[in-house]
Amino acid sequence: MEIKSLKISVAGIRGIYPSQINPEIAFKFGVAFGNFLKEKNIFVGRDTRISGDVLKSSLISGILASGKNVIDLGIVPTPTVEFIVEKNENCGGAIITASHNPSSYNGIKLLSPEGTFLNEREKNRFISFFSKNQKIKKRPGSLTEKTDSFLLHADAIFKNVNVELIKKFNFKVVVDPCQGVGALYSEKFLKEMGCQVTVINRSPLGKFSHNPEPLPQNLKELAEKVKETKSDIGFAQDPDGDRLAIVSENGEPLSEEYSLLIALDHILSKEKGSVVVNLSTNSAVEKVCEKYGVEVFRTKIGEVNVVEKMKKTGSVIGGEGNGGIIWPKVHYGRDSFVAMALILESMAERKKKISEIVKEFPPFFLLKKKIAFTGTETSLFKKLEKFYRGNKLIKIDGIKILKKEGWIHVRISGTEPVLRIFIEGKDKKTAENLYREVLGVIRQD
Ligand code: MG
């Protein structure tokens with residue numbers, strides 16, 4: 001079955017267009033998803049990829065053929081679709097996007113009626129359902145459009161931050177949406193908060209000018225522009241607008257780990273409550289939470305895992321160290337627009353530059369590596385368990401090895417055919433030594 005060549009995880013379904021993901025598959029996904037959900041209406045959005053229209057039309061046709069109604073939201077951020085589904089009754093959602101993957105990729109993210117990605121259990125149920133439930137109903141659903149979804153999403157953010165205070169500072173901001181959805185919405189969004197905005201990499205939509213993952217090494221152009229325009233901050237969004245990275249006023253690209261740290265320190269300074277992050281997020285999180293006397297919970301990688309734990313523990317903020325901030329006051333999903341608003345509000349309330357805010361966090365260095373991987377999970381983990389048997393091991397998602405000088409987290413990626421190795425040490429040298437050590441173990445015969 002074609003579905004096997006696609007990369008399927010809690011982050012969604014991704015592949016190269018049209019060899020792996022194409023209109024026929026999108027149609028079948030539509031039919032299956034329509035039959036799978038009990039809810040009558042499905043909101044559909046897409047990012048800016050050029051294969052987006054054909055895949056979205058096919059997915060919509062499939063959903064309509066299953067007898068369900070579709071509300072087409074057009075090109076909108078992933079968090080906007082999540083927000084709309086969460087706030088409406090009797091609906092589900094789907095987004096055509098491959099997030100930060102290169103432009104040759106596309107994919108489908110499916111949303112449960114709660115406005116969150118399908119969890120592991122729901123996803124497995126859907127995959128086994130997919131091939132058996134291609135039933136086309138006698139009575140098709142209807143298609144309507146909704147063009148104000150981002151406005152509703154932005155309004156909910158503005159209701160929850162102090163826009164009047166932020167406006168007083170007239171922050172100079174450069175934003176790099178990498179020709180993704182932010183190209184359509186970020187300038188206006190930031191202007192509503194009184195910012196003077198410069199946008200780079202706005203067009204042509206969907207043709208990414210650089211590697212679209214919001215990581216320091218991909219933000220050189222943004223850093224230059226921040227310096228050139230003497231701006232207060234630079235924001236980089238990934239193509240579907242759920243992740244955010246920052247460039248400081250000095251033109252220094254910061255680790256994407258700081259986006260969540262700044263947001264959570266800011267929220268906790270006003271409201272005490274527990275925090276949820278994934279296993280790979282930096283350990284400065286624990287230190288910030290200690291300062292406020294609140295608890296931290298760590299989950300498997302994947303937005304839905306963090307969200308489910310946040311709901312269970314009633315946490316006030318959470319997210320992933322990859323630049324994904326989840327603030328339940330707006331909705332339960334990673335959101336670069338929420339992140340931008342909270343970071344600006346933090347700068348305004350503290351009357352501090354972004355570099356000064358970042359300096360206050362305890363030092364840490366995170367190495368994030370990915371290497372091609374052909375072996376089996378079982379033999380790999382056996383080698384690691386044997387070598388690191390004297391250390392505390394956490395095995396809820398790959399293996400996380402806790403050492404005195406830092407930690408090592410090794411897992412097989414859910415979105416790409418690689419092994420992800422995350423390492424934290426107090427500085428670069430410590431992290432690199434740990435990397436050399438673990439690489440030696442992985443490469444043992
Ligand atoms: Mg994304």
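Val81 counts as buried, at 0% relative accessibility. This residue is found in helix H3, which covers residues 78-87. Keep in mind as you look around that the model is predicted. From Val81 we can move on to a strand, two nonpolar cores, a helix with two faces and two open sheets.

**Around Val81**

- Which residues does Val81 touch, not counting those up to four places away in sequence? They are Phe43, Gly45, Leu73, Val76, Ala94, Ile95 and Leu111.
- Gly141 is 60 residues from Val81 along the chain, and the C-alpha atoms of the two are separated by 20 Å.

**Strand E5, an enclosed strand**

- Two of the residues that Val81 touches, Ala94 and Ile95, bring us to strand E5 (residues 91-96).
- Six of the six residues of E5 are buried, so the strand is largely enclosed by the rest of the structure.
- Cys91, Gly93 and Ile95 point one way from E5, while Gly92, Ala94 and Ile96 point the other way; all are buried.
- E5 pairs with strand E3 (residues 41-46) in the parallel sense, over six bridges. Here Arg46 stands opposite Ile96 in E5.
- E5 is also joined to strand E6 (residues 105-111) by four bridges, and these two strands run antiparallel. Ile95 has Lys109 in E6 as its bridge partner.

**Two nonpolar cores**

- The largest nonpolar core has 76 residues, and those with the most contacts inside it are Phe189, Leu190, Phe235, Ile317 and Leu344.
- Which helix gives the most to this core? That is helix H12 (residues 336-350), with 10 residues.
- A second core, separate from this one, has 25 residues, including Phe29, Leu55, Leu59 and Leu64.
- Take Leu344 as an example: leaving aside neighbours within four places in sequence, Leu344 is in contact with Ile166, Phe171, Val173, Leu190, Met193, Cys195, Ile233 and Phe235.

**Cysteines**

- How many disulfides does the structure hold? The count is zero.
- A disulfide is a covalent bond between the sulfur atoms of two cysteines.
- Cys178 is buried, with a relative accessible area of 1%. Cys195 is buried too, with a relative accessible area of 6%.

**Helix H8, a helix with two faces**

- In helix H8 (residues 220-228), Leu222, Ala223 and Val226 are buried.
- Why do these buried residues line one face of the helix? Seen down the axis of H8, they fall within an arc of 100 degrees, so they line one face.
- An α-helix has 3.6 residues a turn, so residues three or four places apart point the same way.
- On the other side of H8, Lys220 and Glu228 are exposed.
- The buried residues of H8 pack against three strands: E8 (172-176), E10 (233-237) and E11 (244-247).
- H8 is followed by Lys230, whose phi is positive, near 50 degrees.

**The four-stranded sheet**

- The strands that H8 packs against belong to an open sheet of four strands, in the order E9-E8-E10-E11 and with mixed pairing.
- Strand E9 (196-199) and E11 stand at the edges with a single partner strand each, so one side of each is left without a neighbour in the sheet.
- From one strand to the next, the twist averages 25 degrees.
- E10 and E11 pair in the antiparallel sense over four bridges. Phe235 has Ile246 in E11 as its bridge partner.
- Helix H7 (residues 182-191) packs on this sheet, touching E8, E9 and E10, and its direction makes about 165 degrees with that of E9.

**The five-stranded sheet**

- Another open sheet has five strands in the order E16-E20-E19-E18-E17, with antiparallel pairing.
- Which strands are at its edges? They are strand E16 (365-372) and strand E17 (392-394), and each pairs on one side only.
- The twist here averages 15 degrees from one strand to the next.
- E16 pairs with strand E20 (residues 418-425) in the antiparallel sense over eight bridges. Lys368 stands opposite Phe422 in E20.
- Helix H14 (residues 377-387) lies across E17, strand E18 (399-403), strand E19 (406-412) and E20, and runs at about 165 degrees to E19.

How values were computed:
Residues are numbered from 1 along each chain as its sequence is written. This is a predicted model: local features need pLDDT of at least 70, side-chain atom pairs count only at pLDDT 80 or more; totals for chains, interfaces and linings use all residues. Side-chain values use heavy atoms; hydrogens and water are left out. A nonpolar core is a set of buried Ala, Val, Leu, Ile, Met, Phe, Trp, Tyr and Cys residues joined through side-chain atoms within 4.5 Å. Buried means under 20% relative accessible area, exposed over 50%, partly exposed in between (1.4 Å probe, protein chains only). Contact means heavy atoms within 4.5 Å. The arc is that of the directions from the helix axis to the C-beta atoms. A disulfide is a pair of cysteine sulfur atoms within 2.5 Å. Two strands pair if DSSP finds at least two bridges between them. Axes are lines fitted to C-alpha atoms, for helices over the stretch in contact, and angles run from 0 to 180 degrees between N-to-C directions.
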